[in-house]
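The exercises below are meant to be worked with the sequence and the coordinates side by side. Please try each task before reading its solution.

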Amino acid sequence: MFERFTKSARAVVKGAFEHAERGGATAVTEEHLLLALLDREESRAAEALRTLCPTERRTSLAAGLADARSRAGLSRADAEALADLGIDVGAIVARVEETHGAGALAGDRKGTGRRSGRRPFSREAKSILEKSLRMALARKDREIGDEHILLALTSTGGVVAEVLADHGVSYASVDTALSGAPTG
């Protein structure tokens with residue numbers, strides 16, 4: 001599949017590995033893919049993101065991702081559903097982090113014994129990349145670009161899609177923005 005990735009999409013994957021490494025994550029997640037997309041400057045996805053989520057709103061977007069991490073990666077809807085059952089996710093996370101350290105529930109545990117030097121993709125990140133292939137095929141594009149990764153992130157659901165939607169970046173808005181973006 002990676003042979004079908006454009007130079008820009010490959011840069012996103014490489015950037016996601018770098019974000020995972022800098023953060024000490026044991027796996028590359030969909031959050032890392034989003035962070036790598038936000039780093040891009042001259043691509044179709046970068047143009048769509050600039051239009052939909054201007055630079056001054058990126059700090060808020062990063063804060064939304066951090067907030068999701070503080071809920072142990074649960075979406076707001078999941079946390080609210082648990083609250084309806086009398087389960088306070090914030091309190092549970094606070095107690096676990098008090099005992100085991102900050103980020104203990106983030107799923108990015110250091111020292112878990114990776115066999116190779118390469119970080120694997122999380123199941124969700126693999127799903128995003130597979131979905132980007134399906135997005136490209138559905139749009140009758142010959143290659144998988146970073147715009148397909150962005151579309152996949154917005155259409156999959158979960159925490160990253162929720163944070164993007166909170167900032168006006170939905171599948172429909174990205175699709176519209178891409179319709180006006182030059183091909184490159």
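**Exercise 1. Determine which elements the buried residues of helix α1 pack against.**

Solution. The buried residues of α1 pack against α2, α7 (123-138) and α8, where helices are DSSP runs of H or I with at least four residues, numbered from the N terminus, and contact means heavy atoms within 4.5 Å. The model is a predicted one, in which local features need pLDDT of at least 70 and side-chain atom pairs count only at pLDDT 80 or more, whereas totals for chains, interfaces and linings use all residues. Residues are numbered from 1 along each chain as its sequence is written, and side-chain values use heavy atoms, with hydrogens and water left out.

Next, list the residues concerned: in α1, those that are buried are Ser8, Ala9, Val12, Val13, Gly15, Ala16, Phe17, His19 and Ala20, buried meaning under 20% relative accessible area, exposed over 50% and partly exposed in between, with a 1.4 Å probe and protein chains only. Then turn to the α2 side, where His32, a residue of helix α2 (residues 30-39), is in contact with Ala16, His19, Ala20, Ala25 and Ala27 once its neighbours within four places in sequence are left aside. His32 counts as buried because its relative accessible area is 7%.

**Exercise 2. Identify the residues that touch the most other members of the largest nonpolar core.**

Solution. Begin with the term: a nonpolar core is a set of buried Ala, Val, Leu, Ile, Met, Phe, Trp, Tyr and Cys residues joined through side-chain atoms within 4.5 Å. The largest such core has 43 residues, and those touching the most other members are Leu33, Leu34, Leu37, Leu61, Ile149 and Leu153. The elements that give two or more residues to this core are α1, α2, α3, α4, α7, α8, α9 (159-166) and α10. Finally, examine Leu37, whose contacts, apart from neighbours within four places in sequence, are Val12, Ala45, Leu49, Asp146, Ile149, Leu150 and Leu153.

**Exercise 3. Find the salt bridge that Arg44 forms, and state where its two residues lie.**

Solution. A salt bridge requires a side-chain nitrogen of Lys or Arg within 4 Å of a carboxyl oxygen of Asp or Glu, and a search of the whole structure finds 4 of them. Arg44 pairs with Glu147, the closest N and O atoms being 3.3 Å apart. This pair links distant parts of the chain, with Arg44 in helix α3 and Glu147 in helix α8, 103 residues apart. Both Arg44 and Glu147 are buried.

For contrast, take Arg119 and Glu21, whose side chains meet in a salt bridge at 3.8 Å, N to O; here Arg119 belongs to the loop between α6 and α7 and Glu21 to helix α1, 98 residues apart. Arg119 is buried because its relative accessible area is 12%, whereas Glu21 counts as exposed at 54%.

**Exercise 4. Establish which side chain of opposite charge is nearest to Arg58, and how far away.**

Solution. First locate Arg58 in helix α4 (residues 58-70). Arg58 is buried yet has no salt bridge, the nearest side chain of opposite charge being that of Asp39, 7.3 Å away; in this assignment Lys and Arg count as positive and Asp and Glu as negative, while His and the chain ends are not counted. Then look to the backbone, where the oxygen of Leu38 lies 3.4 Å from a polar atom of the Arg58 side chain. Leaving aside neighbours within four places in sequence, Arg58 is in contact with Leu38, Leu49, Arg50 and Cys53.

How values were computed: Polar contact = N/O pair within 3.5 Å; in protein donor to acceptor, adjacent residues only side chain to side chain.
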